[in-house]
Amino acid sequence: ANRRLQAEIDRIIAAGEPIYPEDFDPKEEIPDDQNAARFLLQAASAINLTTDQTKLLEGYHGGSAVVREHSDEVRAIIEGNAQVFDLVRRARGVSSADWGVSSHTPTATFNAISPVLSGQRQLARLLHLSAVQQHLSGDDGNAVGKLRDLLAMSDALAGQGTIIAFLTGTACAGLCSNAIEETAATLALRAESAPSKH
């Protein structure tokens, strides 16, 4: 059994695929201005909410009805977090992500990544809420932009190297899918040079 296991490990290594925990760590340092994770961490830290706004965001699981019912509160949340959205947009503009978490020690990795993922889940809900609100207000260009930001965030999380981060990234992609389902039927699109919406 050991020989068969080692043969499979050798085959994977020969194919150039990662298998050991350290294989999933970044191979070289990524400059801060090229690190999507750095921007996403800054974005999560920059979220500015009152107690009532936090309750609204944490209780939001999708749906335009909630956004319509709390339109003033939702608008205040979005307007008060412009810096957050700018940072997430910068994250989408780069392709590498280093979350600064080593895979060598599983327990330490879990303890290090858990608070990071909690902030990213809140950030994902904020992006989802913003996309739906902007669609309902007729700003479909920015709504689609927020969904693209959310998908890029999902990819950056899924590539972190741990199962829990992958699952969080998958959940972010699921939020994006929900928002697409919520908005696609009434999305107003037009060519960039067209004088009116079609």
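## Overall fold

The protein has nine helices and zero strands. Reading from the N terminus, that gives the order α-α-α-α-α-α-α-α-α. Keep in mind that this is a predicted model.

Of the 198 residues in the protein, 37% are buried. The accessible surface adds up to about 11400 Å², and carbon and sulfur atoms account for 52% of that area. Take the contacts with a separation of 6 or more, and 71% of them link residues 24 or more positions apart.

## The start of the chain

Helix 1 covers residues 2-14. Its end C-alpha atoms are 18 Å apart, which agrees with expectation because 13 residues at 1.5 Å a residue should span 18 Å. Just after helix 1 comes Gly16, and its phi is positive, at about 80°.

## The nonpolar core

The largest nonpolar core holds 42 residues, and the ones touching the most other members are Leu40, Trp99, Leu123, Leu126, Leu129, Leu150 and Met153. Who supplies this core? Two or more residues each come from helix 2 (36-46), helix 3 (51-58), helix 5 (71-79), helix 6 (82-92), helix 7 (106-136), helix 8 and helix 9 (163-183). Helix 7 gives the most, with ten residues.

Leu150 is worth a look here. Setting aside residues up to four places away in sequence, Leu150 touches Ala124, Leu127, Cys172, Leu175 and Cys176.

## Helix 8

Helix 8 runs over residues 140-158, which makes 19 residues. From its first C-alpha to its last it reaches 27 Å, close to the 27 Å expected at 1.5 Å a residue.

Plenty of names turn up on the buried list for this helix: Asp140, Ala143, Gly145, Lys146, Leu147, Asp149, Leu150, Met153, Ser154, Ala156 and Leu157. Two of these, Leu150 and Met153, also appear among the core residues that touch the most other members.

Lys146 has a ring for company: its charged end sits over the ring of Phe85, 4.7 Å from the ring centre. As for rings meeting rings, a search of the whole structure turns up zero aromatic pairs.

## Asp140 and His135

Asp140 is found in helix 8, while His135 lies in helix 7. Are they buried or exposed? Asp140 counts as buried because its relative accessibility is 6%, and buried means under 20%. His135 is buried too, because its relative accessibility is 9%.

The two also touch each other. Leaving out residues up to four places away in sequence, Asp140 is in contact with Gln134, His135, Thr186, Leu187 and Ala188. On the same terms, the contacts of His135 are Asp140, Ala143, Thr183, Thr186 and Leu187. So if you have the model open, Thr186 and Leu187 are on the contact list of Asp140 and on that of His135.

## A loop histidine

His61 is found in the loop between helix 3 and helix 4 (64-69). Is His61 buried or exposed? It is exposed, because its relative accessible area is 64% and the cut-off for exposed is over 50%.

Which residue has its C-alpha 7.7 Å from that of His61? That is Arg125, 64 residues apart from His61 along the chain.

Conventions
Residues are numbered from 1 along each chain as its sequence is written. This is a predicted model: local features need pLDDT of at least 70, side-chain atom pairs count only at pLDDT 80 or more; totals for chains, interfaces and linings use all residues. Side-chain values use heavy atoms; hydrogens and water are left out. Rings of Phe, Tyr and Trp (its six-membered ring) pair if their centres lie within 6.5 Å; planes under 30 degrees apart count as stacked, over 60 as edge-to-face and the rest as tilted. A charge sits over a ring if NZ of Lys or CZ of Arg is within 6 Å of the ring centre and within 35 degrees of the ring normal. Helices (H or I, at least four residues) and strands (E, at least two) are DSSP runs, numbered from the N terminus. The expected span of a helix is 1.5 Å times one less than its number of residues. Buried means under 20% relative accessible area, exposed over 50%, partly exposed in between (1.4 Å probe, protein chains only). Contact means heavy atoms within 4.5 Å. A nonpolar core is a set of buried Ala, Val, Leu, Ile, Met, Phe, Trp, Tyr and Cys residues joined through side-chain atoms within 4.5 Å. Accessible areas come from the Shrake-Rupley method with a 1.4 Å probe; for residues, only the protein chains shown count as cover.
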